[in-house]
Amino acid sequence: MSGVRVTLKFATSLDARIALADGTSQWITSSESRAKAHELRAAHDAVLVGIGTVLADDPLLTARTVPLPKTQPVRIVADSSGRTPIGSRLVQSVSSGRVVVATNGQPQDILERSGVEIWRCGNGIRMDVHALLRRAAAEGIGSILLEGGGTLAASFIRAGVVDEIAWFVAPILIGGDGLPALGGLGLTELSAATRWKPVATERIGDDVLNTYVRS
Ligand SMILES: NC(=O)c1ccc[n+]([C@@H]2O[C@H](COP(=O)([O-])OP(=O)(O)OC[C@H]3O[C@@H](n4cnc5c(N)ncnc54)[C@H](OP(=O)(O)O)[C@@H]3O)[C@@H](O)[C@H]2O)c1
């Protein structure tokens, strides 16, 4: 155990889709839910997304609360081979808060020169989840808000390192051709599925925020 608390955030349709088939995902949930999601960011030491999300959405990942938090969460991209574009909003905003690209160990000179921190997490094909959490702990990060997408979220669930799920559900239906919230887990028996204990339900505008902890 790394000692880092990981909260997995989903913002989905009623049928647990996070985007249309073409990747369009802005905006599924309401402005009230998005404001709450910014509060969640502010309440964590770091925010984490996969490179798929950076390439699709070009997110800033800052906590834009009113008032702004005293310190911004560290913004981390799981990006094994350093594909984060130099022109992305993340890299272009390093002056407003730390940006980390967590790689599989390859040096990333160009990104490093642009002010991004490179964390070398393992030396496999993909950035290693446990190595990332160890490095985060060593950096004094006690909590991470994992914002997806589904591929990275599935790796964290498979690794058994998610402590809590914050699931925003909007009252719309996207259908089976939309992108699922969670990638494949490779389960062959239901008994092997992680069970989650519901601990809170909050109505936010027309959306609902359900919070679960690992049972
Ligand atoms: N509605 C929402 O709340 C929400 C939130 C987030 C995203 N989205 C949507 O989700 C889509 C992106 O999701 P996605 O699943 O394609 O991408 P993703 O999960 O954001 O990123 C996946 C990529 O992360 C990298 N990665 C590094 N280490 C990994 C590891 N240990 N395990 C798994 N992946 C690792 C891999 O690329 P490398 O091998 O190159 O490192 C992988 O392809 C977009 O359409 C976005 O709009 C929606």
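In this predicted model, F10 sits opposite W167, a residue of β8. That pairing belongs to a parallel match between β1 and β8 (residues 164-169), held over six bridges. On the other partner of β8 the direction flips: β8 and β11 (residues 207-214) run antiparallel, again with six bridges between them. Here F168 is the residue to look at, standing opposite L209 of β11. As a rule, side chains in a regular strand alternate between the two faces of the sheet.

Stepping back to the whole chain, the protein has six helices and eleven strands. Its C-alpha atoms take up a box of roughly 45 × 45 × 35 Å along the principal axes. The radius of gyration is 17 Å, and because a compact globule of 215 residues would come out near 17 Å, the protein agrees with that expectation. Buried residues make up 37% of the 215. Much of the contact map is long-range: of the contacts between residues at least 6 apart in sequence, 69% join residues at least 24 apart.

The largest nonpolar core has 50 residues, and the members that touch the most others are V77, A102, I144 and F156. I144 is a handy one to follow on screen. Once its neighbours within four places in sequence are set aside, I144 is in contact with V4, V6, H44, D45, A46, L48 and A136.

Now for the ligand. It is surrounded by 31 residues, and the closest of these are G50, G52, S80, G148 and G149. The elements giving two or more residues to this shell are β1 (5-12), β2 (17-19), β3 (46-50), α2 (51-57) and α6 (150-159). Of the elements, α2 gives the most, with five residues. By residue type, the shell splits into 13 nonpolar, 13 polar and five charged.

A few spots in the backbone are out of the ordinary. Most peptide bonds are trans, and most residues other than glycine have a negative phi. One cis peptide bond runs from G148 to G149, with omega near 0°. G149 lies in the loop between β7 (143-146) and α6, and both G148 and G149 are among the residues closest to the ligand. Another cis bond joins V66 and P67, where omega is about -5°. P67 is placed in the loop between α2 and β4 (74-78).

That loop between α2 and β4 also holds D58. D58 is not a glycine, yet its phi is positive, near 50°. How buried or exposed is D58? With 13 C-beta neighbours inside 10 Å, D58 counts as partly exposed. A16 shows a positive phi too, of about 60°, and is likewise not a glycine. A16 is in the loop between β1 and β2, two strands that both give residues to the shell around the ligand. With 16 other C-beta atoms within 10 Å, A16 is partly exposed.

How values were computed. Residues are numbered from 1 along each chain as its sequence is written. This is a predicted model: local features need pLDDT of at least 70, side-chain atom pairs count only at pLDDT 80 or more; totals for chains, interfaces and linings use all residues. A residue is near a molecule or strand if its C-beta atom, placed from the backbone, lies within 6 Å of it. Helices (H or I, at least four residues) and strands (E, at least two) are DSSP runs, numbered from the N terminus. Ala, Val, Leu, Ile, Met, Phe, Trp, Tyr, Cys and Pro count as nonpolar, Asp, Glu, Lys and Arg as charged, and the others, Gly among them, as polar. A residue is buried if 20 or more other C-beta atoms lie within 10 Å of its own, exposed if 12 or fewer, and partly exposed in between; C-beta atoms are placed from the backbone. The radius of gyration is taken over C-alpha atoms; the globule rule is 2.2 Å times the number of residues to the power 0.38. Two residues are in contact if their C-beta atoms, placed from the backbone, lie within 7 Å. A nonpolar core is a set of buried Ala, Val, Leu, Ile, Met, Phe, Trp, Tyr and Cys residues joined through C-beta atoms within 7 Å. Two strands pair if DSSP finds at least two bridges between them.
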